[in-house]
Amino acid sequence: MAEPMNAGPLSTDDTVAALPTWLDDAGLSARWMTLDGSDMATLGISLPPVLGRAVAKRQGEYRAGRTCARYAIRQLRPTPPVFDSSTVDWPLLGPDRAPIWPSGVIGSLTHNSGFVICVVGASQQFSGLGIDVEAPVAPDDSLGLGPRIVHPDELALLVNTPWSEAGFTLLFSAKEALFKAVYPTVRRFVDFHEARLTALTDDILHFELMPDLASQLGHQRTLYVRAAWWRGQVLTFCARSAQIVPNDFRPR
Ligand SMILES: CC(C)(COP(=O)(O)OP(=O)(O)OC[C@H]1O[C@@H](n2cnc3c(N)ncnc32)[C@H](O)[C@@H]1OP(=O)(O)O)[C@@H](O)C(=O)NCCC(=O)NCCS
C-alpha cells in the first residue's frame, strides 16, 4: 500500500499537542491532524464519488480523517492488521455516512473547523468506538436546543463539578460519542434521551441506557464516556467491548 504523499503534518501535530493518553492505551490507537480548509489532495486519499463535488473543506476533512486512520491503524498493538494490496487501509464512507472500517478494525472520527481526530481498536476487542469534539456552546445558544438533548436532572448532576459551566456541551458531545459507539450494532438513529447521565466520576460520565437501546445492545445497561478539554474544545470518547457485559469498558 502506497505511503500518503504528505506524511509530515501528522508527526508535527503530535509533537505540538499530544492527545490524552487514554486514547492511546488499552488496545486503542489515535492520531490527529490540523485542517487548513483546503482539499488536502496531496495526502493521496481517493474520494468517494459522493464527495467529488463537495467543497474543498469537506474533501480535506475526509482525506485528513482517513490519513489519521491509516496511521492509527498501523500503530495498533500488539499486532497491527495487514491488508492485501487490493484493500484500502482506511475507512470508506458508508451510505448512511457511518464509516466502513477495514476488516479487523473498528474506529471513530470527529472533526471541527481546525482539526480531525481518529481513534481505532481491534474489532476482536471492541464492538464500537465513538469520539467527538465540540466547541463550548454559549449558554444562550443551548436554551433552544437544550430540551431535545438533555434532561434537567442530567445538568443538575454537573452543578458544583468542574464541568458545570460547560455542562450542556459536555452532555451533547458525550451523547454523540455514545451514539457513534453504538451505531455499528443498532444501525438506527438513537434519540438523545435514550441515554441518561447518572453519575460523573473523575471525568468519566456514567450513562444509563433506556430499555429499548439496552436490549438492542444485548441487555447492556451502562456505558461510560470519558471527557477532557483539548485545544479549547470538549473531547469525549466512548468504547464498547466486544464481549457483552452489563457495565461496559471504562477508559483508564
Ligand atoms: C452522526 C453524528 C453523530 C456526527 O456528529 P457531528 O458532531 O455532527 O460530527 P463529527 O465531526 O463529530 O463526526 C463526523 C464523523 O462521524 C462519523 N459518523 C457519521 N455517521 C455516523 C454513524 N451513524 N455512526 C458512527 N459514526 C458516524 C463519520 O466518520 C463522520 O466523519 P466523515 O464523514 O468524515 O467520515 C451527528 O451528526 C448525529 O447525527 N447525531 C444524532 C444522533 C445522536 O447523536 N444521538 C445521541 C444518542 S444518546
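**Exercise 1. Find where helix 5 is kinked and by how much, then check its length.**

Step 1. Helix 5 has a kink of about 30° at K180, shortly before the proline P184. The bend here is the angle between axes fitted to the seven residues ending at a residue and the seven starting there. Helices (H or I, at least four residues) and strands (E, at least two) are DSSP runs, numbered from the N terminus.

Step 2. Before going on, note that this is a predicted model: local features need pLDDT of at least 70, side-chain atom pairs count only at pLDDT 80 or more, and totals for chains, interfaces and linings use all residues. Residues are numbered from 1 along each chain as its sequence is written.

Step 3. Helix 5 covers residues 167-186, 20 residues, and at 1.5 Å a residue it should span 28 Å; its end C-alpha atoms are 27 Å apart, which agrees. The expected span is 1.5 Å times one less than the number of residues.

Step 4. Just after helix 5, look at R187, whose phi is positive, about 55°.

**Exercise 2. Is helix 5 largely enclosed or not?**

Step 1. Call a residue buried if 20 or more other C-beta atoms, placed from the backbone, lie within 10 Å of its own (exposed: 12 or fewer; partly exposed: in between).

Step 2. In helix 5, 18 of the 20 residues are buried, so the rest of the structure largely encloses this helix.

Step 3. Helix 5 lies across strands 6, 7, 8, 9 and 10 (233-241), running at about 150° to strand 6.

**Exercise 3. Work out the strand order of the sheet and its edges.**

Step 1. Two strands pair if DSSP finds at least two bridges between them.

Step 2. The 5 strands form an open sheet in the order 6-10-9-8-7, with antiparallel pairing. Strand 6 (126-134) and strand 7 (195-201) are the edges, each pairing on one side only.

Step 3. Now follow strand 8 (residues 204-209): 5 bridges join it to strand 9 (residues 222-230), and 6 bridges pair it with strand 7. L205 has V225 in strand 9 as its bridge partner, while A195 stands opposite L209.

Step 4. The hairpin of strands 7 and 8 has 2 residues between the strands, and D202 there takes a positive phi near 50°.

**Exercise 4. Which side chains of strand 8 are buried?**

Step 1. Recall that side chains in a regular strand alternate between the two faces of the sheet.

Step 2. L205, F207 and L209 point to one face and are buried, whereas I204, H206 and E208 point to the other and are not.

Methods: Two residues are in contact if their C-beta atoms, placed from the backbone, lie within 7 Å. Axes are lines fitted to C-alpha atoms, for helices over the stretch in contact, and angles run from 0 to 180 degrees between N-to-C directions.
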